[in-house]
Every structure is written in C-alpha cells, then in structure tokens.
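Thanks for making the time this morning. I would like to walk you through one chain, moving from burial in the helices to the surface and then to confidence.

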Amino acid sequence: MPRRKKSAPKKQSNILTYIAWILVFIVVIMGSVAVGYYLGYENAKKDALKKESSKEQKRLSVVKKLEEESAKKDELSVNNRLKEVLKKESIPAEKKKVLEEIKPVEKDKVTEKAKVVEKAKVVQETTGEYENASHEVEDDLLPKPPKREIVKTSAKPKLAIIIDDVSVQSHVSAIHELKLPITMSFLPPSKIRPNSNNLAAKENFYMVHLPMEALNFRGEEPFTLKTDDSEEKILQRIIELKKLFPRVDYINNHTGSKFTANESAMNKLISTLKSQNITFVDSRTTANSQAPKMAKKYGLNYIGRDVFLDHHTDKSYVMAQIKKAIEVAKLHGSAIAIGHPHANTISAISESKRLFSDVELVLINKL
C-alpha cells in the first residue's frame, strides 16, 4: 500500500511564512510611519524653534529700540534742551487766553494745531519782529571794527559775548542753560515785551540795548533816539532807563546806523552817558560810527563790537563767526562778539564750548 504524503507541516510552514511577511510588512509600515512622524516632529520642532527665535529677535529688537530711545531721552543734548526752552513762550498771551476759554476736547485740538503753526515762528514770536540779526545793519556787508594793535602776551585772551534783544523769559532761560558768562543786553520794555526790565532785575549783571534811529529800518522800537533829539530829551530818556534798569552800567545801540553816524547826536549821547556813569558799547551797525571820535573827545576808552555772530542765522555760519571771534581775541588780546537769542545762535555757542578753552570767556565789565 503506498505511503500518504505529510502535507500539514508544509501548509503550516507556508502560513508561518505569510504571517512573517505580513508582520514584516506591518513593521515596515509602522517603521515608515514612525520615521515619518519623527521627521515631521523634528521639522515641526525646527519650525517652532525658528518662530520662537524670530519672536525673541523681534522682542530683543523692540527692547533695544526702547533702550536706545530711553538713552536718547536721558542724554538729550543741550542743543535740544535749549530749543525746548525757547519754545515755552511760542504761544502769545492773547492766544493762551483764548485757549483757556475753549472746551477741554476742543482745546487739545486747537493747542496741537497751534503748536504746529507756531513752531516755525518761535524765535520771531519771542523776539518781536526780529527774525534775524540783519535789522542791526543796513546791508550784507558788515561794518569792520576800527584797526587795533596786535598784542603779544602770555595772558589768556578774553572774549565777551553779548546777546542783544533779550526781552522775554525764554531768552533768559536759554542763556542760563548755557552755563557760560554771557552778557545779556535787554531791550527796554514795550507793549510786546512789558517785563524786560523785571527780568533784568533778577540778573547780577546786564546791559541795556538802547534803540537808536536807523537809515532804513522800518520796525522801529518805541522811544527810539533820533538824530534831532535835544540833549535834554536824550538825558530824560537815559534817566527813565536808569529807573527801569537801576544797575545799568553799560548801554549798546539797537540798530542806530543813522544815529551813531551823526557826530552831533553822538556828542550829545556820549556826554549824557558820561554824566550818568554809563559806558557806551558800539554795536558797529555802520562803518561811519562817530563813537570812536566821541570817546576820544571825552577821554574814554572806545569799546566796540568785533564780530557779529548771527547776521545770518544759519548754524554753520554762526559757528564760523564764533571761531572768527576767538581768532580776533587771540590776535588782539580781547574781542567782543554780538549775537541774538535765536535757537541756532544759542545752540552754536553751546557746541563751541571746547573752542572756548583757547580764550577766557568774560562778561563785558571784565574785559
């Protein structure tokens, strides 16, 4: 009888093979899924890190910017602070009164608009009608001072800086902010600057900027001295000024290109000032000034301006004029520079402090 084949083990072997392949397939699939998941996780993790890093960089950038802005605020230059001081009186009293009567919401709107409008007018508003120093002289050609001897000395040359047209608190504050010995020359009080004498009273030393007749200037100050004024009228005006400015020892001319060029008028003025123990400082608004001649006649030392700092109010021009004044002082042992309370002038003086180390900056009475 033939033997029967053993098929069961073979079938079992095939089944196990199939199961093994199935398991391998499952393992491969699961491995692929795991790898895919891992790679996806890693990519997602990298993306998350990138986003987090980007956020951190942005945060650090913002922090750095804030720190820089804070540093700038903490280290405001004297220039900016002085300009801020000069802005304090940019809105006249009449406008302030109107603003006070406006409802709070409307007031804020009007104030902001007024600031924008007034910003460009700050200097003009606070100094009256004087936009620059050109009102002092007749043309662009500045009168040269009289010839002076060249002085060779081991002593440090002296430089006196006079700021004319001082008339409101913002001018005084800006000059004080410089922390330098600057001579303030106050315009006499008038309708648009009623408190100039009261401001001067708070100063240890000051001058008076006396308005005198000019050849062509139309924006004449009240009580301007005229060439045809009598000696009695001139004396009366000087006495009035002494009442307003009790400690006045020095006077310089505001405009005055016509008056100071007139020998008779200057004779009356210098004679009067001498009798009142007041020294005249010639602003040199004309090359034909008779002040040197009258000083010699009355046995007085002639004192006159050497350099105008801001005939043009461009800051670079003012800086150049400051350097020129220092060179004049070095050459002659002393010099007088005259400027005005404009933002660029104040700023230029502030930024020239290093240059002033070559001279001794003094008030006019110490020259």
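Before we look at any single residue, let me fix one term: I call a residue buried when its relative accessible area is under 20%, exposed when that area is over 50%, and partly exposed in between. Please also keep in mind that this is a predicted model.

Let me start with Gln321, which sits in helix 11. Its relative accessibility is 10%, and because the cut-off for burial is under 20%, Gln321 counts as buried. Setting aside neighbours within four places in sequence, Gln321 is in contact with Val307, Phe308 and Leu309.

Gln321 belongs to a longer list, since the buried residues of helix 11 are Val318, Met319, Gln321, Ile322, Ala325, Ile326, Val328, Ala329 and His332. As a general point, an α-helix has 3.6 residues a turn, so residues three or four places apart point the same way. What covers the buried residues of helix 11 includes strand 1, strand 7, strand 8 and helix 12. The helix itself runs over residues 315-332, and its 18 residues reach 26 Å from the first C-alpha to the last, close to the 26 Å expected at 1.5 Å a residue. Helix 11 is followed by Gly333, whose phi is positive, near 90 degrees.

Turning to helix 12, residues 343-350, we find it mostly covered, with seven of its eight residues buried. Ala348 lies in this helix, and it is buried, with a relative accessible area of 0%. Which residues does Ala348 touch, not counting those up to four places away in sequence? They are Lys315, Val318, Met319 and Ile322. For the last of these, the C-alpha atoms of Ala348 and Ile322 are separated by 8.2 Å, although the two residues are 26 apart along the chain.

Now to the surface, where a nonpolar patch is formed by Ile15, Leu16, Tyr18, Ile19, Ile22, Leu23, Phe25, Ile26, Ile29 and Met30, with about 1,000 Å² of accessible area together. Leu23, one of these residues, is placed in helix 1, residues 8-74, and at 49% relative accessibility it counts as partly exposed.

Finally, a word on confidence. The chain averages a pLDDT of 80, and 67% of the residues score at least 70. Over residues 89-127, however, pLDDT stays under 50, and for that segment the model has 36 contacts beyond four places in sequence. Where pLDDT is low, the predicted coordinates should not be read in detail.

Definitions and conventions: Residues numbered from 1 in each chain as written. Predicted model: local features only at pLDDT ≥ 70, side-chain atom pairs only at ≥ 80, totals over all residues. Heavy atoms only, no water. Patch = residues over 30% accessible without salt bridge, like charges linked within 9 Å, V, L, I, M, F, W, Y side chains within 5 Å. Areas by Shrake-Rupley, 256 points an atom, 1.4 Å probe, with all protein chains shown as cover. Salt bridge = Lys/Arg side-chain N within 4 Å of Asp/Glu carboxyl O. Helix = DSSP H or I, 4+ residues; strand = E, 2+ residues; numbered from the N terminus. Buried < 20%, exposed > 50% of the residue type's maximum accessible area, 1.4 Å probe, protein only. Expected span 1.5 Å × (residues − 1). Contact = heavy atoms within 4.5 Å. pLDDT = per-residue confidence, 0-100.
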